[in-house]
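Open the structure in your viewer and keep the sequence to hand. The stops below say what to select and what to look for there.

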Amino acid sequence: MSNDTGAIARQRHYTTLRNVDREVLRQTWSIGYADPGFTTQFGTPPEPSPHHTATSIVKIVTDTRWMYRGACLACPWEGPDRPRRDPAIEDAHDHTHPVWRTLPILDPARSRRGSKTWSLHLAATYPKGWFDAGGPLRLYADPPFDRHEAGRAPGGGFILHTARPKPQPARSLQLTLEEDNWAG
Ligand SMILES: [Zn+2]
């Protein structure tokens, strides 16, 4: 049993397990499926990243209950226990890219107007060098939206989805119109 924390240490330990009880395997932390650094039990664990890199680790508590933590491919940091993956991925970004929650959330429809326009739009709205540093791209999505997508941002970082804001209620819209009339 290894007590070393961090995605690399967990995955190294996980990939050394042979002929162990299935329950032991299920209850051992390993990198989440398709998240950065993921391998199967028989794969080669990833090499440490030169910069803090968000990923997730997961273990199965019972058939219906999985547990996730945000983790990093460069250091032993791990986030709190989460019952779902996406909040764990967000924890990991609080560690790797602390200002990400302050960045604009973009409308994915704009990305369909041509890649050149979209690239210019990204460069104009996100900090210089953000994506080259593996920073995440924030997009609105309509629920039920897909899980946060590893490797889909321009520099290979995550796309992090946020639920689209609800349309303004009709009543407040009406008040706004009335105010406009008074002003006119
Ligand atoms: Zn780190």
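Colour the protein chain by secondary structure and follow it from the N terminus: the elements run α-α-β-β-β-α-α-β-β-α. That gives 5 helices and 5 strands. This is a predicted model. The protein chain has 184 residues, of which 26% count as buried. Among contacts between residues at least 6 apart in sequence, 47% join residues at least 24 apart.

**Stop 1: the sheet**

Select β1, β2 and β3. These 3 strands form an open sheet, in the order β1-β2-β3, with antiparallel pairing. β1 (30–31) and β3 stand at the edges with a single partner strand each, so one side of each has no neighbour in the sheet.

Now go through the pairings. β1 and β2 are antiparallel and share 2 bridges; to see this pairing, select S30, which stands opposite V58 in β2. How many bridges join β2 to β3? There are 8, and these strands too run antiparallel. β2 and β3 form a hairpin, with 2 residues between them. Select two pairs across the hairpin: I60 stands opposite W66 in β3, and T55 stands opposite A71 in β3.

**Stop 2: the helix across the sheet**

Add α3 (85–96) to the selection. α3 lies across β2 and β3, and runs at about 15 degrees to β3. The helix has 12 residues and reaches 17 Å from its first C-alpha to its last, close to the 16 Å expected at 1.5 Å a residue.

Which residues of α3 are buried? They are A88, I89, E90, D91, A92, H93 and T96. What covers them includes β2, β3 and β5 (159–163), so show β5 as well if you want to see part of that cover.

**Stop 3: the largest nonpolar core**

In soluble globular proteins, nonpolar side chains tend to be buried together. Here, the largest nonpolar core has 20 residues; A7, I57, C72, A92 and F158 touch the most other members. Select these five and show their side chains. The elements giving two or more residues to this core are α1 (7–14), β2 (54–62), β3 (65–72), α3 and β4 (137–141). Where does the core lie relative to domain 1 (7–96) and domain 2 (100–163)? Both domains give residues to the core, so it lies between them.

Stay with F158 and look at what surrounds this residue. Leaving aside neighbours within four places in sequence, F158 is in contact with A54, I89, P136, H148, E149, A150, R152 and A153. Two residues from that list are worth picking out: I89 is one of the buried residues of α3, and A54 falls within β2 (54–62).

**Stop 4: a glycine in a loop**

Finally, select G134, in the loop between α4 (115–125) and β4. Is G134 buried or exposed? G134 is buried, because 20 other C-beta atoms lie within 10 Å, and 20 or more is the cut-off for a buried residue.

To see what is around G134, show H51, T53, G155, G156 and G157, which G134 touches when residues up to four places away in sequence are not counted. Then draw a distance between the C-alpha atoms of G134 and P154: the two are separated by 8.3 Å, although they are 20 residues apart along the chain.

Technical notes: Residues numbered from 1 in each chain as written. Predicted model: local features only at pLDDT ≥ 70, side-chain atom pairs only at ≥ 80, totals over all residues. Core = buried A, V, L, I, M, F, W, Y, C linked by C-beta atoms within 7 Å. Buried ≥ 20, exposed ≤ 12 C-beta atoms within 10 Å, placed from the backbone. Helix = DSSP H or I, 4+ residues; strand = E, 2+ residues; numbered from the N terminus. Domains from an automatic or database assignment. Contact = placed C-beta atoms within 7 Å. Expected span 1.5 Å × (residues − 1). Pairing = 2+ DSSP bridges. Axes fitted to C-alpha atoms, helices over the stretch in contact; angles between N-to-C directions.
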